Amino acid sequence: GAPPGFAPPGPPPLDPALKGMLTAIIGGTAPPGPVLEVSVEGVSFPYSLTEADVRSVFRDYGEIAAITCPRRGPCVVEMDTKEQARAAVQQLNDMPLVEIGGKLSVTHSRAKSKKKRQMHCKRYTLGPGFFDAEPALHLPTLILGPEHRNIQHIVAECEHVVAIYLRGCPDPNAGEEERLHILVCSESQQAFNTATQLVTDLLEAASSKVHEWCLDHDRPEPTTATVTGKMMELPPELEV
């Protein structure tokens with residue numbers, strides 16, 4: 001499916017047309033939805049729900065991302081949104097099952113208490129010299145490529161298990177935190193390593209383009225068209 005869109009806060013870009021581009025997440029996989037546990041209680045004989053049973057009951061409450069019904073224990077249902085999961089719990093928990101003399105138990109999964117997933121995240125901050133050719137070079141488009149093809153290529157090379165964010169303001173006078181930057185995030189160490197190398201190559205190529213433009217237009221060589229890469233925690237507003 002299409003990746004989720006985020007709109008991280010920050011100063012607006014100089015060019016209003018860039019707003020959507022600078023706040024979009026490109027690539028990656030959708031975050032897991034809320035998980036419910038479903039079982040039958042109050043019967044005097046062994047009774048196991050099937051996937052078909054669960055799907056028939058839950059289909060009125062929204063998209064079902066996944067259903068797993070083990071031989072022992074409750075069925076596990078992953079819903080698409082928190083709102084859908086909440087409605088299912090409110091309406092289905094303790095629902096009488098007249099034919100078998102029991103009731104349905106629908107609760108939020110205890111799996112929520114598991115340890116938080118490990119996320120590798122690296123931030124690439126662009127030096128002020130990167131913007132010496134603006135607006136002529138249109139740096140965000142140069143990085144993204146036509147129709148985001150540069151980023152889509154990196155995501156594909158990493159088997160779609162990385163997320164790449166282009167964030168911030170394309171303004172050389174903006175502070176380091178607010179200036180245009182790239183975040184690369186993945187749970188997979190291998191995919192993360194591949195993505196960071198490809199993003200480094202992409203930014204080096206962009207830096208070369210800036211140098212070439214300045215040379216062709218008799219501008220001083222941009223001594224601060226540099227990239228600083230730093231490992232970091234995933235920003236709270238991007239956590240899933």
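**Figure 1. Strands β8 and β9 pair side by side.** In this predicted model, strand β8 (residues 163-167) and strand β9 (residues 181-186) are joined by five bridges and run antiparallel. One place to start looking is L166, whose bridge partner in β9 is I182. Is β8 enclosed or open to the outside? Five of its five residues are buried, so β8 is largely enclosed by the rest of the structure. Both faces of the strand are covered: A163, Y165 and R167 are buried on one side, and I164 and L166 are buried on the other.

**Figure 2. I182 and the largest nonpolar core.** Here we stay with I182 and look at what surrounds this residue. Setting aside neighbours within four places in sequence, I182 is in contact with K122, R123, Y124, I143, I164, Y165, L166, V199 and L203. I182 also belongs to the largest nonpolar core, which has 29 residues. Which residues have the most contacts inside this core? They are L126, F130, I143, I182 and V199. At least two core residues come from each of β7, α4, α5, β8, β9 and α6 (189-216). Helix α6 gives the most, with ten residues. A second, separate core has 18 residues, and L36, I67, L97 and V106 are among them.

**Figure 3. An open sheet of five strands.** This view follows the strands across the sheet, in the order β3-β4-β2-β6-β5, with antiparallel pairing. Which strands stand at the edges? They are β3 (64-68) and β5 (96-97); each has a single partner strand, so one side of each is left without a neighbour in the sheet. Further in, β2 (residues 35-41) and β4 (residues 75-79) are antiparallel and joined by four bridges. To find the pairing by eye, look for E37, whose bridge partner in β4 is V76.

**Figure 4. Two helices packed on the sheet.** Helix α2 (residues 51-58) packs on the sheet and touches β2, β3, β4 and β6 (102-108). The direction of α2 makes about 150° with that of β3. Helix α3 (residues 82-92) packs on the sheet as well, touching β2, β4 and β6. For α3, the angle is about 155° with the direction of β6.

**Figure 5. The disulfide of C69 and C75.** How many disulfides does the structure hold? There is one, and C69 and C75 form it, with their sulfur atoms 2.3 Å apart. The link is right-handed, with 115° about the S-S bond. The two ends have their own surroundings: C69 is partly exposed, at a relative accessible area of 28%, whereas C75 is buried, at 3%. Two other cysteines can be looked up in the model: C158 is buried, with a relative accessible area of 4%, and C169 is buried with a value of 4%.

**Figure 6. The buried side of helix α5.** Which residues of α5 (residues 149-157) are buried? They are I151, I154 and V155. These residues cover an arc of only 100° around the axis, which puts them on the same side of α5. A general rule helps here: an α-helix has 3.6 residues a turn, so residues three or four places apart point the same way. After α5 comes E159, whose phi is positive, near 55°.

**Figure 7. Backbone details in the loops.** Some background first: most residues other than glycine have a negative phi, and most peptide bonds are trans. Against that background, a few places invite a closer look. D94 has a positive phi, near 70°. This residue is in the loop between α3 and β5 and counts as partly exposed, at 44% relative accessibility. H148 is not a glycine either, and its phi is positive at about 65°. Where does H148 lie? The loop between α4 and α5 holds H148, which is partly exposed with a relative accessible area of 25%. The last stop is the peptide bond from E134 to P135, which is cis, with omega near 0°. P135 is placed in the loop between β7 (120-126) and α4 (139-144).

Methods: Residues numbered from 1 in each chain as written. Predicted model: local features only at pLDDT ≥ 70, side-chain atom pairs only at ≥ 80, totals over all residues. Heavy atoms only, no water. Buried < 20%, exposed > 50% of the residue type's maximum accessible area, 1.4 Å probe, protein only. Arc of directions from axis to C-beta. Disulfide = S-S within 2.5 Å. Pairing = 2+ DSSP bridges. Contact = heavy atoms within 4.5 Å. Axes fitted to C-alpha atoms, helices over the stretch in contact; angles between N-to-C directions. Core = buried A, V, L, I, M, F, W, Y, C linked by side-chain atoms within 4.5 Å.
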